[in-house]
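Here is a short briefing on one protein chain. Have the sequence and the structure open as you read.

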Amino acid sequence: MQCPCGSPTYHDCCQPLHEGVPAVTAEALMRSRFSAFCLKNIEYIIETTVPVQQALLDKNALQSWSDEMYWTRLDVISHVAKIGKRHAQVHFMAYYDNGQGESCHDEHSSFVKIDDVW
């Protein structure tokens, strides 16, 4: 199976991360989160959100929203691997269809490395 993030195979790309292998880069983490949204893996989305924000997430609302979305593709525009000692940024465009035609979510997402894990 092709990986939802666009890599050739899910088995060699995002699946290991979804099963607990830490991402080696912020881009890899972002790709795995996109794939998790595609696969409706809300647990992974919550687990890979910065810990101080996890309690603010409503799992049922995220699941409901996810169930209404069909993510079609991902384009990574840029990856700044090091912004300071523990931060990185990924600019990406995630395309989706929520029943009203294809749209694009364009985001500059920041990531933080905590205890050597993105």
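Which elements do the buried residues of α2 pack against? They pack against α1 (15-18), α3, α5 (59-67), β1, β2 and β3. The model is predicted. The points below go from this helix to the sheet, then to the core and to two residues of β2.

**Helix α2**

- α2 covers residues 26-38.
- The helix is mostly covered, with ten of its 13 residues buried.
- Those buried are Ala 26, Leu 29, Met 30, Arg 31, Ser 32, Arg 33, Phe 34, Ser 35, Ala 36 and Phe 37.
- α2 lies across β1, β2 and β3. It runs at about 160° to β1.
- The length of α2 agrees with expectation, because 13 residues at 1.5 Å a residue should span 18 Å and the end C-alpha atoms are 18 Å apart.
- Lys 40, just after α2, takes a positive phi of about 60°.

**The sheet**

- Three strands make up an open sheet, ordered β1-β2-β3, with antiparallel pairing.
- β1 and β3 (102-112) are the edge strands, and each pairs on one side only.
- On average, neighbouring strands are turned by 15° against each other, direction ignored.
- β1 and β2 run antiparallel and are joined by ten bridges. Across this pair, Val 80 stands opposite Gln 89 in β2.
- Eleven bridges link β2 and β3, again in the antiparallel sense. Here Tyr 95 stands opposite Cys 104 in β3.
- The hairpin of β2 and β3 has four residues between the strands. In that hairpin, Gly 99 takes a positive phi near 95°.

**The nonpolar core**

- The largest nonpolar core has 25 residues. Cys 5, Trp 71, Leu 74 and Phe 111 have the most contacts inside it.
- Two or more residues of this core come from each of α2, α3 (42-47), β1 (70-83) and β2 (87-97).
- α2 gives the largest share, six residues.
- Beyond its neighbours within four places in sequence, Phe 111 contacts Ala 26, Leu 29, Met 30 and Arg 33. The same list for Phe 111 also holds Arg 86, His 87, Ala 88, Val 90 and Trp 118.

**His 91 in β2**

- His 91 has its place in strand β2.
- Is His 91 buried or exposed? His 91 is buried, because its relative accessible area of 15% is under the 20% limit.
- Its side chain makes a polar contact with the side chain of Asp 106, at 2.7 Å.
- Not counting residues up to four places away in sequence, His 91 touches Asp 75, Val 76, Ile 77, Ser 78, Asp 106, Glu 107 and His 108.

**Tyr 96 in β2**

- Tyr 96 is also found in strand β2.
- Why does Tyr 96 count as buried? Its relative accessibility is 17%, and buried means under 20%, so Tyr 96 qualifies.
- Leaving aside neighbours within four places in sequence, Tyr 96 is in contact with Met 69, Tyr 70, Trp 71 and Thr 72. Its contacts also include Gly 101, Glu 102, Ser 103, Cys 104 and His 105.
- Asp 58 is 38 residues from Tyr 96 along the chain, and their C-alpha atoms are separated by 21 Å.

How values were computed
Residues are numbered from 1 along each chain as its sequence is written. This is a predicted model: local features need pLDDT of at least 70, side-chain atom pairs count only at pLDDT 80 or more; totals for chains, interfaces and linings use all residues. Side-chain values use heavy atoms; hydrogens and water are left out. A nonpolar core is a set of buried Ala, Val, Leu, Ile, Met, Phe, Trp, Tyr and Cys residues joined through side-chain atoms within 4.5 Å. Buried means under 20% relative accessible area, exposed over 50%, partly exposed in between (1.4 Å probe, protein chains only). Contact means heavy atoms within 4.5 Å. Two strands pair if DSSP finds at least two bridges between them. Axes are lines fitted to C-alpha atoms, for helices over the stretch in contact, and angles run from 0 to 180 degrees between N-to-C directions. A polar contact is a pair of N or O atoms within 3.5 Å; within protein, one must be able to donate a hydrogen and the other to accept it, and residues adjacent in sequence count only if both atoms are side-chain atoms. The expected span of a helix is 1.5 Å times one less than its number of residues.
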